[in-house]
Amino acid sequence: MKDFFYRHQPPMHVRSAVFAGAGAALAIMVLALMGLWLGGVWLMAPFGASAVLLFAAPTAVLSQPVNLVGGNIVACCVALPLAAFWPDHVWLAAVACGLTISLTVLFRVVHPPAGATALVIYLTKASWMFFFVPVLAGSLLLVFIAWGWHRVMGGIYPLKSPP
């Protein structure tokens with residue numbers, strides 16, 4: 001039973017925890033402001049989960065740019081056609097999520113919020129434009145903000161590729 005309650009995550013220094021929260025808040029604020037300035041939806045719930053990964057676990061494999069952008073692209077490629085051609089079959093929301101997970105594993109671009117992206121797309125019957133804004137534009141903007149934040153704060157993002 002103790003295995004269920006053991007915290008495998010190492011402790012984080014208070015300064016690092018505050019910087020992680022501040023970076024995430026900045027990223028989400030920028031996405032929200034983009035929606036106000038340019039119109040349309042730039043912010044979606046899965047980006048909150050992406051922000052956790054990008055700012056609290058920037059060296060995790062699942063936080064890397066190819067995972068965030070690639071995972072969300074896969075989610076769009078799965079869920080948008082399902083939502084367009086079979087919008088009234090709610091059980092396909094589960095198919096969209098499961099297929100997104102399987103494909104991101106196969107393509108080595110696993111990003112857990114991509115499963116939520118597929119659900120959001122299917123359940124809201126999102127239009128094809130959702131691929132570009134918020135998914136692609138928002139994903140790229142999150143990566144750019146995380147890259148800049150970690151450079152300024154002295155952190156590492158993204159991970160270096162092997163030689």
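**Reading a predicted model, feature by feature**

Mentor: Let's start at phenylalanine 85, which is exposed, with a relative accessible area of 58%. Keep in mind that this is a predicted model.

Trainee: Okay! And tryptophan 86, how exposed is that one?

Mentor: Tryptophan 86 is partly exposed, its relative accessible area being 43%. The cut-off for exposed is over 50% and for buried under 20%, so a value in between gets the middle label.

Trainee: How many aromatic pairs does the structure hold?

Mentor: There are 3 aromatic pairs. One of them joins phenylalanine 85 and tryptophan 86: the ring centres are 6.1 Å apart and the planes sit at 65°, so this pair is edge-to-face.

Trainee: Now helices. How do I describe two that pack together?

Mentor: You give the angle between their axes and the distance between the axes. Here, take helix 3, residues 45-56, and helix 6, residues 113-124: their axes lie 8 Å apart, at an angle of about 170°.

Trainee: Which word fits how helix 3 and helix 6 run, roughly parallel or roughly antiparallel?

Mentor: Angles over 145 degrees count as roughly antiparallel, and helix 3 and helix 6 are therefore roughly antiparallel to each other.

Trainee: Which residues meet there, in helix 3 and helix 6?

Mentor: Helix 3 brings Pro46, Ala49, Ser50 and Leu53, while helix 6 brings Pro113, Ala116, Thr117 and Val120. Sorted by class, this contact has 6 nonpolar and 2 polar residues, with no charged ones.

Trainee: Let me pick one of those. Is threonine 117 buried or exposed?

Mentor: Threonine 117, in helix 6, counts as buried, at 0% relative accessibility.

Trainee: What does threonine 117 touch, leaving out residues up to four places away in sequence?

Mentor: Threonine 117 touches Met44, Pro46, Asn72, Ala75 and Val135. You've already met Pro46 as part of helix 3's side of the packing.

Trainee: Last topic: disulfides. What are they, and how many are counted here?

Mentor: A disulfide is a covalent bond between the sulfur atoms of two cysteines. In this model the count comes to 0 disulfides. Take cysteine 76: the nearest cysteine sulfur belongs to cysteine 77 and is 6.7 Å away, whereas the cut-off for a disulfide is within 2.5 Å. Cysteine 77 is in no disulfide either, and its nearest cysteine sulfur is that of cysteine 76.

Trainee: Which are they, buried or exposed?

Mentor: Cysteine 76 is buried, with a relative accessible area of 1%. Cysteine 77 counts as exposed, at 52% relative accessibility.

Note on methods: Residues are numbered from 1 along each chain as its sequence is written. This is a predicted model: local features need pLDDT of at least 70, side-chain atom pairs count only at pLDDT 80 or more; totals for chains, interfaces and linings use all residues. Side-chain values use heavy atoms; hydrogens and water are left out. Axes are lines fitted to C-alpha atoms, for helices over the stretch in contact, and angles run from 0 to 180 degrees between N-to-C directions. Helices (H or I, at least four residues) and strands (E, at least two) are DSSP runs, numbered from the N terminus. Angles under 35 degrees count as roughly parallel, over 145 as roughly antiparallel, 65 to 115 as roughly perpendicular and the rest as oblique. Contact means heavy atoms within 4.5 Å. Ala, Val, Leu, Ile, Met, Phe, Trp, Tyr, Cys and Pro count as nonpolar, Asp, Glu, Lys and Arg as charged, and the others, Gly among them, as polar. Rings of Phe, Tyr and Trp (its six-membered ring) pair if their centres lie within 6.5 Å; planes under 30 degrees apart count as stacked, over 60 as edge-to-face and the rest as tilted. Buried means under 20% relative accessible area, exposed over 50%, partly exposed in between (1.4 Å probe, protein chains only).
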